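Student: Got a minute to walk through this fold with me? Let's start with the strands.

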Amino acid sequence: MTKEEALTTKYGTLMTLGHLAQELHRSPDGLRISLRGNQGWASQINAARKKLGRRVYFDTAKIAAILEAVN
């Protein structure tokens with residue numbers, strides 16, 4: 001099972017900030033603050049960001065690709 005399949009099975013096609021924080025072993029507030037910075041990894045994750053109304057989601061397939069590239 002690939003990382004994308006595992007994440008899609010667990011969270012669906014879109015992840016919330018809480019789901020992403022859980023996968024990265026960070027607190028949601030800490031992750032939110034880090035994503036406002038100019039680090040390279042933050043810009044990659046922000047590229048996977050989708051806003052639906054007032055809610056923020058992350059594309060699970062893009063997040064899986066980022067995580068696989070790191071490992």
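Student: How many bridges pair strand E1 with strand E3, and in which sense?

Tutor: This is a predicted model. In it, E1 (residues 14-16) and E3 (residues 55-59) pair over three bridges, in the antiparallel sense.

Student: Which residue stands opposite Leu14 in E3?

Tutor: Asp59 does. Next along E1, Met15 has Phe58 as its bridge partner in E3.

Student: And how many bridges join E2 to E3?

Tutor: Four bridges join E2 (residues 49-52) to E3, and the two strands run antiparallel. Lys51 has Val56 as its bridge partner in E3.

Student: What's in the hairpin of E2 and E3?

Tutor: Two residues sit between the strands. Gly53 takes a positive phi there, near 70°.

Student: OK, whole sheet. What's the strand order?

Tutor: E1-E3-E2, an open sheet of three strands with antiparallel pairing. E1 and E2 are the edge strands, each pairing on one side only. The twist averages 45° from one strand to the next.

Student: Which helix lies across E1 and E3?

Tutor: H5 does, running at about 55° to E3.

Student: Switching to helices. At what angle do the axes of H3 and H4 cross?

Tutor: Roughly 100°. The axes of H3 (residues 28-35) and H4 (residues 40-47) come within 9 Å. Angles of 65 to 115 degrees count as roughly perpendicular, so H3 and H4 are roughly perpendicular to each other.

Student: Which residues make that contact?

Tutor: From H3, Leu31, Ser34 and Leu35. From H4, Trp41, Ala42, Ile45 and Asn46. By class, the contact of H3 with H4 has five nonpolar residues, two polar and no charged ones.

Student: Now the largest nonpolar core. Which residues touch the most other members?

Tutor: Met15, Leu20, Leu31, Leu35, Ile45, Phe58 and Ile63, out of 16 residues in that core. Leu31, Leu35 and Ile45 also appear in the contact of H3 with H4.

Student: Which helices supply this core, and which gives the most?

Tutor: H1 (3-11), H2 (17-23), H3, H4 and H5 (60-70) each supply at least two residues. H5 gives the most, with four residues.

Student: Back to Phe58. What does Phe58 touch, leaving out residues up to four places away in sequence?

Tutor: Thr13, Leu14, Met15, Thr16, Leu17, Leu20, Leu35, Ile45, Ala48, Arg49 and Ile63. Met15 is on that list, and Met15 is also the bridge partner of Phe58.

Note on methods. Residues numbered from 1 in each chain as written. Predicted model: local features only at pLDDT ≥ 70, side-chain atom pairs only at ≥ 80, totals over all residues. Heavy atoms only, no water. Axes fitted to C-alpha atoms, helices over the stretch in contact; angles between N-to-C directions. Parallel < 35°, antiparallel > 145°, perpendicular 65-115°, else oblique. Contact = heavy atoms within 4.5 Å. Nonpolar A, V, L, I, M, F, W, Y, C, P; charged D, E, K, R; others polar. Pairing = 2+ DSSP bridges. Core = buried A, V, L, I, M, F, W, Y, C linked by side-chain atoms within 4.5 Å. Buried < 20%, exposed > 50% of the residue type's maximum accessible area, 1.4 Å probe, protein only.
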